[in-house]
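Q: I'm new to this structure and would like a close look at one part of it. Please start with a single spot and work outwards from there, keeping it informal.

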Amino acid sequence: MDLINDSFKKKSIDQLIDFLRIKSISADKSFKNEILKASKWVKNSLDEIGCQITRIYETKGNPIVYGEIKLSSNYPTVLIYGHYDVQPPDPLNLWDSPPFEPVIKTTSIHKEGAIFARGASDDKGQMFSHIKAVELLKINDSLNCNVKFLIEGEEEIGSENLEEFITKNTNLLKNDVILISDTSIESNSKPCITTGLRGLSYMEIELIGPNRDLHSGVYGGAVPNPLNTIVDILSKLHDKDKKISIPGFYDNVKLYSDKERIELKKNSSQDGELFKKDIDIIDYEGEKQYDYDERISIRPSLDINGIWGGYQGEGAKTVIPSKAYAKVSMRLVPNQDWNRISDLFKNYIKSITPKNTLVNIKTHHGGLPYISDTSSKEYKAAYMAYKDAYGIAPFSKKEGASIPIVPIIEKLLKSKVILMGFGLNSDSIHSPNEHYGIFNFFKGIETICNFYKYLPKS
Ligand code: BES
Ligand code: MN
Ligand code: MN
């Protein structure tokens, strides 16, 4: 697109790099100042592109940034949702360059370079492309929609205060369609629109054995060791066929007919060999009755995310720890309810914990699974937007990850979400060396501009 010229590109990249320097880590409260800085940065960039209203709304947690451009009450209104918070960068020693000192490097799949920094792809880069697209359309006098921006700072910790904000501000946020760029495409030559997200239930287990750490020689063999016990408990979460053992877990799981599964396959163009090669595994794991791509989209899963306790320092220390911990996430599919699943998890863990050990289980956060409407005119506009920008029609893909606010915002605002993502699975989001392709950044901007062009005006 000729609107995206060299000076626009240079300025946009400089701005994104500036944004990526802010350490807006929501999981760690000691970064609150950086969170505030990032919210101001977003507000300022909305001011700069000429939003008539911009505002930072305080919440019990991190602030929500709002912006609005209203051109005509005859125009449709597009609501953009994104998040300015990022995941913690740990483990730091695995980064090739510091996570908050963005650098541009080329890679085997990013000939034009990619920006390496925490949040580059998830979600600062993708979110910022909406601000730049609207700026571009405005400069060229071709914006023919009203636009609202809703950018939050708690997505990575479960969007805990956003639901209340939306509930209280349905009028302010009223719109005809909601766009979110916080997902990925298959590859830069195979664009796709995400049409499903898995739900989530995130749990933490604490086991308490003896009242203090004990000498493993003096006591070992006669006292409960909570680390031994937690390993035992966690090993009972799957059976030998890799099915999740929690009673009732599969009760409401939506099953797909053979015909539907074939249809889904036709749409998806996943390459299993590439998938394995990318993450360097010899074979998949999981339910044999389902292909690997089904296991990460239409089937639920359970993973231990962390397990700790006892001595982890250098050398050996003979100790029986008093406490042991584990974090467990479950990815859910239609029609599993995350609150019910969290309860089933708690009951099951309690039922298999031996009497000599105390167990505490807490739910961190969760979210419902989501399936999007693909029949709307707005979806068609997104489809055309990708087709034009990439020169190839996008397919639709069910994603394994979660964006818990998506089903909630649809319900509260009574409009549909379109997941217009531009990242790649190889972007290493949540992982060391996260990056976002320069190509992806500008293709995203171009695709978004196309969306406004194709969106029917009445
Ligand atoms: N942007 C991701 C979700 C995502 C990742 C969608 C990759 C598609 C492809 C989002 O920021 C995220 O990380 N979500 C969390 C849930 C949240 C409650 C912590 C997730 O899926 O773990
Ligand atoms: Mn995200
Ligand atoms: Mn994320």
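A: Let's start with D141, which sits in the loop between α3 and β6 (146-152). Keep in mind that you're looking at a predicted model. D141 isn't a glycine, yet its phi is positive, near 55 degrees. For background, most residues other than glycine have a negative phi. D141 is also exposed: its relative accessible area is 74%, and the exposed class covers anything over 50%.

K242 gives us another positive phi in a residue that isn't glycine, this time about 70 degrees. You'll find K242 in the loop between α5 (226-234) and α6 (258-267). With a relative accessible area of 35%, K242 counts as partly exposed.

Now step back from the D141 loop into helix α3, which covers residues 120-139. D122 is one of its residues, and with 7% relative accessibility it counts as buried. The peptide bond running from D122 to D123 is cis, with omega near 0 degrees, and D123 is in α3 too. As a rule, most peptide bonds are trans. Another cis bond joins P334 and N335, where omega is about 5 degrees. N335 belongs to the loop between β14 (323-332) and α9 (338-352).

What does D122 bridge? The answer is a pair of metals: the manganese ion (ligand 3) and the manganese ion (ligand 2), which lie 3.6 Å apart.

Take ligand 2 to begin with. This manganese ion is coordinated by H83 through NE2, by D122 through OD, and by D182 through OD twice over, at 2.0 to 2.3 Å. Along the sequence, its donor residues follow the spacing H-x38-D-x59-D. D122 in helix α3 and D182 in the loop between β7 (177-180) and β8 (184-185) link distant parts of the chain, 60 residues apart. Both D122 and D182 are buried. The six donor atoms around the manganese ion (ligand 2) subtend angles of 57 to 168 degrees, so the arrangement is irregular.

Ligand 3 brings in other residues. Here the manganese ion is held by D122 (OD), E156 (OE, listed twice) and H430 (NE2), at 2.1 to 2.5 Å. The donor residues are spaced D-x33-E-x273-H. H430 is in the loop between β19 (423-424) and β20 (435-437), so D122 and H430 tie together parts that are 308 residues apart in sequence. While D122 is buried at 7%, H430 is partly exposed at 39% relative accessibility. Around the manganese ion (ligand 3), the angles subtended by the six donor atoms run from 56 to 155 degrees, which makes this arrangement irregular as well.

Helix α3 also has a helical partner. It packs with helix α12 (residues 438-454) at an angle of about 50 degrees, and the two axes are 8 Å apart. That angle makes α3 oblique to α12, and the crossing is right-handed. On the α3 side, the residues involved include F128, A133, V134 and L137, and they meet α12 residues including F441, I445 and Y452.

One more stop ties in here. I13, in helix α1 (residues 6-20), is in contact with I104, I115, I438 and F442, leaving aside its neighbours within four places in sequence. I13 is buried, with a relative accessible area of 13%.

Technical notes. Residues are numbered from 1 along each chain as its sequence is written. Chains are lettered from A and ligands numbered from 1 in the order in which they are written. This is a predicted model: local features need pLDDT of at least 70, side-chain atom pairs count only at pLDDT 80 or more; totals for chains, interfaces and linings use all residues. Side-chain values use heavy atoms; hydrogens and water are left out. Donors are N, O and S atoms within 2.8 Å of the metal (3.2 Å for Na, K and Ca); water is not among the atoms, so sites may look incomplete. Four donors count as tetrahedral if all angles lie between 85 and 135 degrees; four count as square planar and six as octahedral if opposite donors are over 155 degrees apart and all others between 65 and 115; anything else is irregular. Helices (H or I, at least four residues) and strands (E, at least two) are DSSP runs, numbered from the N terminus. Buried means under 20% relative accessible area, exposed over 50%, partly exposed in between (1.4 Å probe, protein chains only). Axes are lines fitted to C-alpha atoms, for helices over the stretch in contact, and angles run from 0 to 180 degrees between N-to-C directions. Angles under 35 degrees count as roughly parallel, over 145 as roughly antiparallel, 65 to 115 as roughly perpendicular and the rest as oblique. A crossing is left-handed if the near helix is turned anticlockwise from the far one by less than a right angle, and right-handed if clockwise. Contact means heavy atoms within 4.5 Å.
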